[in-house]
Structure formats: structure tokens, C-alpha cells
Amino acid sequence: AHRYGNGCRDISSRVAQDAMALHAALVSARLRAILADSGASISVRRWSRTTGEVKVVDVPVSVPVTLNIRDWSVRLRPEMLQIAYMMRAQYLPNETGGVLVGLIDRTHKTISVLDALPAPPDSDAWPTSFIRGSAGLRATVERFAKRTLGNLVYVGEWHSHPNGYSTEPSKLDVAAIFQCAPHAHADGIPALMMIVGKDEFGLTLLPQGAAKIHFAAQSSKP
């Protein structure tokens, strides 16, 4: 089954005609300006009814790191990977980890990972092991969903491996992802686990398979 969002039965609101006309004009002007530019861009116009001021918010755009694992594609925001490397380096010699949030497109079998959240405060960490806690995690993930109309959601788990160890999942890692699998499969997606090493990361999709890639990240160095 497929869920189609942002349709006639989704949450809606009333917008005044003058606001619609103003935003239509702003969008029209922006479209004419970007037609000559072949690059991707994200730009938001925020209008204040009180002051009449229009603020321009330009959102940085980057090319995702894409891994194809059988019939699923996983797209990772490079800035998210940099953040994960930084958190790994920060907590050495212990491991660390957290959850991944992003977008799910079941029709095209694509998972876009946009952010890696830090370890909850009740997590336990050792040099060769990590147990993720849950304190405050539900509320954090729900804030992402609320601010994006349900588009940004939990998509998987991540943790680090110490220096001298590969990003291949250990027996404990495999057991952990098997625990996550029934919940992910019930939501129509494979279970996703990302393991971050010193200069590479690995992805495991259950039951799809696994992939590993080297990623040049200055912030990955302790």
C-alpha cells in the first residue's frame, strides 16, 4: 500500500486572497530569475502581514551521496555525514550513535537521510560497544515531523566504530538491526543501519544487503 501525502484529505488551512496573490507574484518573479540557472536551488519567501516585509531565506543545496542496494536507493546528505564523523571523533575512545531522520519515498524505493541525531543522555558507551538510550528521543523526532508536516521521520539507526575496526556490522549489530526490522517492515521500508568508521561508513539494509563507501571528511579525524 502507498500513502499519498499533501492531498485533499491532509491538514489544510484558510489563506486570504491577498496573501495568495502576493505569494503568487513572488513565486512568478523567482521562477523567471532561475530559468537561466541550470543549478538546483531552494529559496523561501516569508511575508509579514504586520509589517509587509518579505524576507528571503536561501537554503544550501548539496549533491547527495547515493548508494544503491538492490532495489532501494539510500541518499545521504553530505553535511549529515560530516556531523556523524564529528560526533564519532568527539566521543572517542568510546563508541557513540543515535537515530537517523529523513524522507521515505516508497513508490521509488528511496530513503533520503538528512540528519543524524546525537546519543540520548541515557545511552551507554564503551570503547567497543554502544547501547542507544531513548530519553527525549520520541519528542525530538516528533518535532521534526511536526515542523515538516510529517515528511521528516525516523528512518534508521547509526553508531560509530573505534579506530582499527572496520565498518562491517558485528554480531551484536546484526542482532540489533534484526530487532528493528519488524517495525521497519510494518512501515513498508527495510531496516537501515549506518556504521561510521575513521574514514569510511557502511550501510546495511535488512533484508536488502549492505554497501560500504569511503568518504573524505576532514572532521572525521580526532
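Partly exposed residues are those whose relative accessible area falls between the buried class, under 20%, and the exposed class, over 50%. At 41% relative accessibility, D71 therefore counts as partly exposed. The model is a predicted one, and D71 is a convenient place to enter it.

D71 forms a salt bridge with K109, and the closest N and O atoms of the pair are 2.8 Å apart. D71 lies in the loop between β3 (65-69) and β4, whereas K109 lies in the loop between β5 and β6, so the salt bridge ties together parts that are 38 residues apart in sequence. K109, with a relative accessible area of 31%, is partly exposed. The backbone at K109 also deserves a look: in the hairpin of β5 and β6, which has four residues between the strands, K109 takes a positive phi near 50°.

The hairpin leads into strand β6. This strand, residues 110-116, is mostly covered, with six of its seven residues buried. One pairing of β6 is with β5 (residues 97-105), in the antiparallel sense and over six bridges; here L103 has S112 of β6 as its bridge partner. Another is with β4 (residues 72-76), in the parallel sense and over four bridges. In that pairing, V113 of β6 is the bridge partner of L76. In a regular strand, side chains alternate between the two faces of the sheet.

L76 and V113 also lead into the interior. The largest nonpolar core has 32 residues, and L76, L100, V113, M194, F201 and L203 are those with the most contacts inside it. Strand β10 (residues 191-196) gives the most to this core, contributing six residues. The surroundings of L76 show how parts of the chain meet there: leaving aside neighbours within four places in sequence, L76 is in contact with P64, V65, L67, L81, V113, M194, F201 and L203. Apart from the largest core lies another, of five residues, including V101, L117, L137 and V141.

Back to the charged pairs. Side chains of opposite charge can pair when their charged atoms come close. The structure holds five salt bridges, and the one between D71 and K109 has been described above. A second example joins R49 and D18, whose side chains meet with an N to O distance of 3.2 Å. This pair links distant parts of the chain, since R49 is in the loop between β1 and β2 (54-59) and D18 is in helix α1 (residues 17-34), 31 residues apart. R49 is exposed, with a relative accessible area of 52%, whereas D18 is partly exposed at 43%.

A further salt bridge is formed by E79 with R77, where the closest N and O atoms are 3.8 Å apart. E79 is partly exposed, having a relative accessible area of 33%, and R77 also counts as partly exposed, at 28% relative accessibility.

The surface has a nonpolar feature as well. I42, V44, V59 and V61 make a nonpolar surface patch of about 280 Å². Within this group, I42 is found in strand β1 (residues 42-47). A residue needs over 30% relative accessible area to belong to a patch. I42 is partly exposed, and its relative accessible area is 47%.

Definitions and conventions: Residues are numbered from 1 along each chain as its sequence is written. This is a predicted model: local features need pLDDT of at least 70, side-chain atom pairs count only at pLDDT 80 or more; totals for chains, interfaces and linings use all residues. Side-chain values use heavy atoms; hydrogens and water are left out. Patches are made of residues with over 30% relative accessible area and no salt bridge: like charges are joined within 9 Å, nonpolar side chains (Val, Leu, Ile, Met, Phe, Trp, Tyr) within 5 Å. Accessible areas come from the Shrake-Rupley method with a 1.4 Å probe; for residues, only the protein chains shown count as cover. A salt bridge is a side-chain nitrogen of Lys or Arg within 4 Å of a carboxyl oxygen of Asp or Glu. Helices (H or I, at least four residues) and strands (E, at least two) are DSSP runs, numbered from the N terminus. Buried means under 20% relative accessible area, exposed over 50%, partly exposed in between (1.4 Å probe, protein chains only). Two strands pair if DSSP finds at least two bridges between them. A nonpolar core is a set of buried Ala, Val, Leu, Ile, Met, Phe, Trp, Tyr and Cys residues joined through side-chain atoms within 4.5 Å. Contact means heavy atoms within 4.5 Å.
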